[in-house]
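Please open the model in your viewer with the sequence panel beside it, and keep a selection tool at hand. The tour below proposes what to select at each stop and then describes what is there.

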Amino acid sequence: MMKLSVQPQSPASDSDEIYQADDQRIAIPARFNATTDSFEKNEHSWKIMSQVPTDLSIQVQDVTFYVHKYPLISRCGYFSRVEFQFPKSNLNCDIELDNLPGGPETFETILKFCYDIPINLKVNTVAALRCASEYLEMTEALEDGNLISKTEAFFTFVVLSSWRDSITVLKSCESLSPWAENLQIVRRCCDSIAWKISQEASEVINGEKNWWFEEMSTLRIDYFTRIVTGLRAKGSKPEIIGSCIVHYGERWLPEGRGNELQWNITGGATREEDSRPIREQRIIVESLVSLLPSEKEAVSCKFLLKMLKMAILYSASPALVAELEKRTGLVLETADVNDLLIPSYTAGNKIKLISSTEENIMHNVDVVQRILEYFLLYEQQQQQQLLPGPLAVSKLLDNYLAEIAKDPNLPVTKFQFLAQSLPENARKSDDGLYRAIDTYLKTHPSLSDHDRRRLCKVMNCGKLSVDACAHAAQNDRLPLRTMIQVLFAEQMKIRATVQGKSQTEIADNSDQESSWLSTNKEVKALKLELEKVKSQMAEMQRDHSDLQQERQKQNIKQGNSSGWTIRWQRIRKSALFNLKTDGEETDEVNKRPNNIGKGSFRRRQSLS
């Protein structure tokens, strides 16, 4: 290793010192008397204006700095070590500092400091100066009040005293890794922000609550994670933490429903560099989910379903997806049907549509099925039966079934399995389920009769309203057996109404459908039935009188009247003919033989 020695000069130049490195002598003035109050700056160069010619050029990225050795060596241990440890034949050698934190702008400020040009420390540049001064080894061992101590004091007493200044410094640290991490700048800023927010989060600042949400949402996800972790450690309320997470997710995660997300991701994006945003979005989703408080009320079901869509879309870990499904199941009764429409694709490295089945199903039905199972399991643990929760979920499920029924590629097995997932007592009315089944049959006209019958078995015809029964009775898409059941259920409702029975004893209809059978509808329906019966009775009576007249005109023996007797028996066997009372029927039977006998006696007398 090269050794350095310092020898005094001759008395004529006692103001100078001589550093002797091997056989090479470098003269460095003890006091630098050059005029250094100005500099010349171009697009790719920076030069100090001095009476003494510059003897060193330093390359920082694309900018070259022409400076003197002495000011830098006197305050930067890095330059003295690099210069003398690797001597060059030419003293005006170039030094490359491509990895200098902060780049050319920061190095320009450091040069001004070395030349005693006044500088102003600012919040948005102090982190870069602190890292660059550490890189250049500007310690107190070289000079009291060197740049490391000055920037450290400014950071400690100015920056950390204000949470907004701390956030500004955090943003500037995004391009200073790993120096900002190693110097604990990031950690100290995050701890300071978390402490200040925890002290003031419940207060109203400038008439606005949660004033720090917007500022927090501008940070990088790893810095945001550290601050939220600090808030949880300091005992902040779960609702406040959840609201902060929701605000951050709304800012950084894409908006829109399934089709819009599909268009944004698959619309011509096939280049390899396009996978970088996918990875960044996946990191954000995984980080936010890991920060969610365990309390149910911390975040809404809408936000959980949005995170679940993003987790599936960006191929998050299966454990994270399962955790989101479980959390969503606990608050499923507050969900909206549009939020349950989870697209059935993921965004991979090549950003292409990947269907969950070979048939390109539009919506991920399996995820909703698992969410529903978590909800039923939770309800079972709570030992709740037929409370507002299950009823709300039944209506939600029926609306969801009506939406996914429009998918022509949805298998009937998936639709049927999801439709019959709820227990029997979860629905008070099956009108919503009937609408979903009818939509599915309309979308799948080629469905076999066996599948139609099997699908319609899920529906309880006794829980249909009068309007739904009237529609189902004329629905050609339903199997014949189902239509008969609907007609039977409708007749039972009418009979129960006539007899004055309560409708709740026939079908457990919902409160919203308590006025299904109004008085006007009942009267109209009964009148129509009575008119039909009267018209049929009148027609049968006319036929009866015509046959009697025809019999009297016939001059044949009683044994040859078999054809007339057969028709007469058919009329008597009809249900409408039997509506007569038993007394009337007995009188007619007693009168018939006498009439017949008299008629035959009269005919015999006339013949004689």
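A residue is called buried here when its relative accessible area is under 20%. Select Leu292 to see that cut-off applied: at 6% relative accessibility, Leu292 counts as buried because 6% falls under it. Please keep in mind throughout that this is a predicted model.

**Around Leu292**

Stay with Leu292, which is found in the loop between α13 (275–291) and α14. If you show its surroundings and leave aside the neighbours within four places in sequence, Leu292 is in contact with Arg232, Ile245, Val299, Phe303, Leu304, Leu324 and Arg327. Add Pro238 to the selection and draw a distance between C-alpha atoms: Leu292 and Pro238 are 54 residues apart along the chain, and these two atoms are separated by 8.5 Å.

**The whole chain**

Zoom out and colour by secondary structure, which gives 26 helices and eight strands for the chain. Of its 608 residues, 41% count as buried. If you turn to a contact map and consider contacts between residues at least 6 apart in sequence, 67% of them join residues at least 24 apart.

**The nonpolar cores**

Next, select Val169, Trp212, Met216, Phe224 and Phe415, the residues that touch the most other members among the 114 residues in the largest nonpolar core. The largest share of this core, ten residues, comes from helix α14 (residues 301–313). Centre the view on Phe224, which, not counting residues up to four places away in sequence, touches Met216, Leu219, Cys244, Ile245, Tyr248, Leu288 and Leu291. Apart from the largest core lies another one, of 30 residues, and to find it you can select Leu56, Leu72, Phe107 and Leu129, which are among its members.

**Three helix pairs**

For the first pair, select helix α15 (residues 318–330) and helix α17 (residues 365–382), which pack at an angle of about 55° with their axes 8 Å apart. The two helices α15 and α17 are therefore oblique to each other, and their crossing is right-handed. Show side chains where they touch: on α15 the residues are Ala322, Glu325, Lys326, Thr328, Gly329 and Leu330, and these meet Val367, Arg370, Ile371, Tyr374, Phe375 and Tyr378 on α17. Coloured by class, the contact of α15 with α17 has seven nonpolar, two polar and three charged residues.

Move to helix α5 (residues 147–159) and helix α6 (residues 163–172), whose axes are 9 Å apart and which pack at an angle of about 135°. By that angle, α5 and α6 are therefore oblique to each other. In this contact, Phe155, Val158 and Val159 of α5 meet Asp165, Ser166 and Val169 of α6, and by class the residues divide into four nonpolar, one polar and one charged. Val169 was also selected at the earlier stop, as one of the residues that touch the most other members of the largest core.

The last pair is helix α20 (residues 431–443) with helix α22 (residues 466–473), where the axes come within 10 Å and cross at roughly 25°. Helices α20 and α22 are therefore roughly parallel to each other, and α20 passes α22 in a left-handed crossing. Here Asp431, Tyr434 and Asp438 in α20 meet Ala468, His471 and Ala472 in α22, a contact with three nonpolar, one polar and two charged residues.

**Loops and backbone details**

Select Ser177 and Pro178, which are joined by a cis peptide bond with omega about 0°; Pro178 lies in the loop between α6 and α7 (179–182).

Go on to Asp116, in the loop between α3 (103–114) and α4, which has a positive phi of about 60° although it is not a glycine. At 57% relative accessibility, Asp116 counts as exposed. Glu137, in the loop between α4 and α5, has a phi near 60°, again a positive value in a residue other than glycine. Glu137 is partly exposed, with a relative accessible area of 29%.

Finish at Glu143, which lies in the loop between α4 (126–135) and α5 and is partly exposed, with a relative accessible area of 27%. A distance drawn to Cys76, 67 residues apart from Glu143 along the chain, shows their C-alpha atoms separated by 9.5 Å.

How values were computed. Residues are numbered from 1 along each chain as its sequence is written. This is a predicted model: local features need pLDDT of at least 70, side-chain atom pairs count only at pLDDT 80 or more; totals for chains, interfaces and linings use all residues. Side-chain values use heavy atoms; hydrogens and water are left out. Axes are lines fitted to C-alpha atoms, for helices over the stretch in contact, and angles run from 0 to 180 degrees between N-to-C directions. Helices (H or I, at least four residues) and strands (E, at least two) are DSSP runs, numbered from the N terminus. Angles under 35 degrees count as roughly parallel, over 145 as roughly antiparallel, 65 to 115 as roughly perpendicular and the rest as oblique. A crossing is left-handed if the near helix is turned anticlockwise from the far one by less than a right angle, and right-handed if clockwise. Contact means heavy atoms within 4.5 Å. Ala, Val, Leu, Ile, Met, Phe, Trp, Tyr, Cys and Pro count as nonpolar, Asp, Glu, Lys and Arg as charged, and the others, Gly among them, as polar. A nonpolar core is a set of buried Ala, Val, Leu, Ile, Met, Phe, Trp, Tyr and Cys residues joined through side-chain atoms within 4.5 Å. Buried means under 20% relative accessible area, exposed over 50%, partly exposed in between (1.4 Å probe, protein chains only).
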